[in-house]
Amino acid sequence: MKALVKSAAEVGLWAEDRPLPQIGPEDVLIRVKKTGICGTDIHIWNWDEWAARTVPVGLVTGHEFAGEIVEKGALVQGLEIGQRCSGEGHLIGKLSRQSRAGRFHLDPATRGIGVNEPGAFAEYLRLPAFNVVPLPDAIDDDIGAILDPLGNAVHTALSFDLVGEDVLITGAGPIGIMAAAVARHVGARHVVITDVNPARLELAAQVADVTPVNVAKEDLREVQSRLKMAQGFDIGMEMSGNQQALDQMIDSLVMGGKIAMLGIPPGKSPVDWSRIVFKAITIKGVYGREIFETWYKMIAMLENGLDVRRVITHRFKAADFVQGFEVMRSGLSGKVVLDWT
Ligand SMILES: NC(=O)c1ccc[n+]([C@@H]2O[C@H](COP(=O)([O-])OP(=O)(O)OC[C@H]3O[C@@H](n4cnc5c(N)ncnc54)[C@H](O)[C@@H]3O)[C@@H](O)[C@H]2O)c1
């Protein structure tokens, strides 16, 4: 089969022929149809310090996918050949206290497909049946291929009650934009999204009914008074990984405000803890998706009118993956989807 492999410890990915994955009794084999390129894949392409430390050379990369089950192991129940699906790319252990309590997303032994284990940038993917998420007809393969990052957005957005609240999202990358759409969908009052990249803010306004703010040019306080916010934002979602964005968020929240933090700062960064203490702010770190509650809620919302389709700005044949990665690396795109059919 064709696959995109991290064949050498240098910048890039390479298309290679690989043997079909062998499945075990509790696995399925999925014929991959569409895949999304994630920021993590860009780190792997760039071979930065994190990637060099984490990803084994020779790995098939990629973890955002939609496809169809073509083979199933002897012990697999409840899934049939031909079932359209996406799936959770975090392969969890079953021994930890968290897993045994059903909090699978907190299992410390988690391994990721396309990061630690063979991934989805390939014609076929082996996945434990446990990780498979069947797709209803209402969700096509393009959307199926971006359920992983949409799940990050949903997990973050549903961390706190948003009904009637004023919400600040810092970072209008694909995940911040999708989180903005989710916040509107579930009934937030005002949703303000910030960035320093005008192309990203333009895309945010196309995808969701939000107030985009370029913090390199506009004063967020003026926006707050224009929107008649008495004190500040009730809820923040940090989706940039940028220190200044987090500082601005802490400044802009009400007393007792809450922050769900998905963005990953590049390293250790200074935090003014006294401001957080005196404003009585709650900060929740968000990792991945709740397995499988986030998937359940996300699919229900998509079936019930949540529309994030326009966040996909580019589509390429898998053979043209170099162009896809170039577009993603430009920082000007939304989601980029590769077609493996
Ligand atoms: N915790 C997790 O499980 C998890 C999973 C996926 C992604 N992430 C992280 O979530 C974040 C969002 O992912 P993405 O793919 O949308 O990222 P992205 O890099 O595409 O988007 C980040 C955006 O933040 C903007 N930004 C930079 N400085 C800013 C500032 N001062 N104020 C406001 N915005 C600013 C950038 O211009 C960019 O558009 C990233 O940090 C990513 O690493 C975390």
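This note goes through the ligand shell, a parallel sheet and the helix packing of a predicted model.

1. On the ligand shell, 27 residues lie around the ligand, and those that come nearest are Gly171, Gly173, Ser240, Gly241 and Ala245. The elements that contribute two or more residues to this shell are helix H6 (174-185), strand S11 (191-195) and helix H9 (243-252), and H6 provides the largest share, with 3 residues.

2. As to the character of that shell, its residues divide into 14 polar, 11 nonpolar and 2 charged. A reader who sets up calculations on the ligand may wish to keep in mind that the model is predicted.

3. Turning to the sheet, 6 strands form an open arrangement in the order S12-S11-S10-S13-S14-S15, and their pairing is parallel. Strand S12 (211-214) and strand S15 (282-285) are the edge strands, and because each has a single partner strand, one side of each is left without a neighbour in the sheet. On average, and with direction ignored, neighbouring strands of this sheet are turned by 20 degrees against each other.

4. Within the sheet, strand S10 (residues 167-170) runs parallel to strand S13 (residues 233-238), and the two are joined by 4 bridges; here Ile169 has Met237 of S13 as its bridge partner. Strand S14 (residues 253-261) is likewise joined to S15 by 4 bridges, again in a parallel run, and in this pair Ala260 stands opposite Lys284 of S15.

5. The connection at this edge of the sheet involves a helix: S14, helix H10 (residues 273-278) and S15 together make a β-α-β unit, which is right-handed. S15 is thus both the closing strand of that unit and one of the strands standing at the edges of the sheet.

6. H6, which gives 3 residues to the ligand shell, also takes part in two helix crossings. The axes of helix H5 (residues 147-157) and H6 come within 8 Å and cross at roughly 50 degrees, and the two helices are therefore oblique to each other, with H5 passing H6 in a right-handed crossing.

7. What is the arrangement of H6 and helix H7 (residues 198-207), whose axes come within 9 Å? These axes cross at roughly 30 degrees, which makes H6 roughly parallel to H7, and H6 passes H7 in a right-handed crossing.

Conventions: Residues numbered from 1 in each chain as written. Predicted model: local features only at pLDDT ≥ 70, side-chain atom pairs only at ≥ 80, totals over all residues. Near = placed C-beta within 6 Å. Nonpolar A, V, L, I, M, F, W, Y, C, P; charged D, E, K, R; others polar. Pairing = 2+ DSSP bridges. Axes fitted to C-alpha atoms, helices over the stretch in contact; angles between N-to-C directions. Right-handed = clockwise from strand over helix to strand, strands pointing away. Parallel < 35°, antiparallel > 145°, perpendicular 65-115°, else oblique. Left-handed = near helix turned anticlockwise from the far one by under 90°.
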